[in-house]
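Please open the structure in your viewer and keep the selection panel at hand, since this tour proceeds by selecting one part after another.

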Amino acid sequence: MIELLSKPWPWYVAGPLIGLTVPTLLILGNKTFGISSSFRHICASCAPAGIPFFQYDWKKEVWNLLFVLGIFIGGIIAGNLFLNPEPMVINENLKQELAAYGITNYSSLVPVDLFNWDNLLTIKGFILMVVVGFLVGFGTRYAGGCTSGHVIMGLSNLQWPSLVATISLMVGGFIMANFILPFILKI
Amino acid sequence: MENNLSSITSQELLDKDLEQRSLDAICVNESTLQHEWWHNIKYVIVGTLFGIVFIKAEIISWFRIQEMFRFQSFHMYGVIGSAVLVGAISVALIKKFNIKTIYGETIQFHD
């Protein structure tokens, strides 16, 4: 059992399970699936700072914070109990390309060659961790939702803005991964 | 501030609060029921299962995301595609059969 759980799960198992999160949250208590709103609730609860955007009864959305807490707990469980002992298997072309940038460690879900404490204070590491982190947060807020909210919940509910967000997300990711990231990795 | 608040009804206040919470957000709590705190534990459980799926299917992996945007793997497209398909069918079924929450509330969609 543990062995089966430890292997990476195929898309046709994970995808439907993620899709089922949408009706589960709706039926459990009229909650629309999303993750990034939790950032807003944290701001509203910790430092509303007189900004109207943060002035609402955040306690009504406490479920969202607990949902995100659950994801964190799930991450700890999967990352320890069901940890895949094998290195990640990825496309050979990508592997060769990444090796040219000095990325050869596949022991973790993120490349530890890039994301580590020593790298944080280098220009490359600072861009990859701090600048990009800011862009992720800014884009999520600017679009009014992240991948889970727009792509999974929004598209499931056939909302036009979510389709626009999804297409933009794919185009942005394509440009970044293919045309901009190679320059950052060369620094 | 206090005087202003007392002049409007509590329902107006509730509506205003929902409006404020919905501002530029697609993920809001539509339930008007009041529950004891422990009712929220179910969201921790759903979140935990969701988190396990995210890790085990390597969806949060930097490598998988690189593969996706370079069109070198079908994995992420399979995950997103089947998730949206299952989600859309579920939402359509909830609307068609007017399925209620476990507390008997009508499920709200705002589109």
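The stops below go from whole chains to single residues.

Bear in mind throughout that this is a predicted model.

**Chain A as a whole**

Begin by selecting chain A and colouring by secondary structure, where you should find 8 helices and 0 strands, so that the order along the sequence reads α-α-α-α-α-α-α-α. With only the C-alpha atoms displayed, chain A fills a box of roughly 50 × 45 × 30 Å along the principal axes. Of the 187 residues in chain A, 41% are buried, and among the contacts with a separation of 6 or more, 45% join residues 24 or more positions apart. Switch to a surface display of chain A, which exposes about 10,100 Å², with carbon and sulfur atoms supplying 74% of that area. If you then pick out the charged side chains of chain A, the mean position of the 9 positive charges lies 13 Å from that of the 8 negative ones.

**Helix H3 of chain A**

Next select residues 37-46 of chain A, which form helix H3, and show the side chains of A:Ser37, A:Ser38, A:Arg40, A:His41 and A:Ala44, which are buried. These residues lie on the same side of H3(A), because they cover an arc of only 155° around the axis. The general geometry helps here: an α-helix has 3.6 residues a turn, so residues three or four places apart point the same way. Turn to the other side of H3(A), and you will come to A:Phe39 and A:Cys46, both of which are exposed.

**The cysteines**

Why is there no bond between the sulfurs of A:Cys43 and A:Cys46? The closest cysteine sulfur to that of A:Cys43 is the one in A:Cys46, and the distance of 7.7 Å is too far for a bond, given that a disulfide requires sulfur atoms within 2.5 Å. Looking at their surroundings, A:Cys43 is partly exposed at 34% relative accessibility, whereas A:Cys46 is exposed at 62%. A search of the whole structure likewise finds 0 disulfides over all chains.

**From H3 to the last stops in chain A**

Keep A:Ser37 selected and add A:Ile180, which is 143 residues away in sequence and 28 Å away in space, C-alpha to C-alpha. A:Ile180 belongs to helix H8 of chain A, residues 160-186, and is partly exposed, with a relative accessible area of 38%. Then move to A:Leu158, in the loop between helix H7 (147-156) and H8 of chain A. Although A:Leu158 is not a glycine, its phi is positive, at about 55°, and its relative accessible area of 70% makes it exposed.

**Chain B**

Now select chain B, which has 5 helices and 0 strands, with elements running α-α-α-α-α from the N terminus on. Buried residues make up 47% of its 111 residues, while 30% of the contacts in chain B with a separation of 6 or more are between residues 24 or more positions apart. The accessible surface of chain B comes to about 6,300 Å², and 62% of it belongs to carbon and sulfur atoms.

Finish by zooming in on B:Glu58, in the loop between helix H3 (41-56) and helix H4 (62-69) of chain B. Is B:Glu58 buried or exposed? With a relative accessible area of 6%, B:Glu58 is buried, and its phi is near 60°, a positive value in a residue other than glycine.

How values were computed:
Residues numbered from 1 in each chain as written. Chains lettered and ligands numbered in written order. Predicted model: local features only at pLDDT ≥ 70, side-chain atom pairs only at ≥ 80, totals over all residues. Heavy atoms only, no water. Buried < 20%, exposed > 50% of the residue type's maximum accessible area, 1.4 Å probe, protein only. Helix = DSSP H or I, 4+ residues; strand = E, 2+ residues; numbered from the N terminus. Contact = heavy atoms within 4.5 Å. Areas by Shrake-Rupley, 256 points an atom, 1.4 Å probe, with all protein chains shown as cover. Lys, Arg positive; Asp, Glu negative; His and termini not counted. Charge placed at Lys NZ, Arg CZ, Asp CG, Glu CD. Arc of directions from axis to C-beta.
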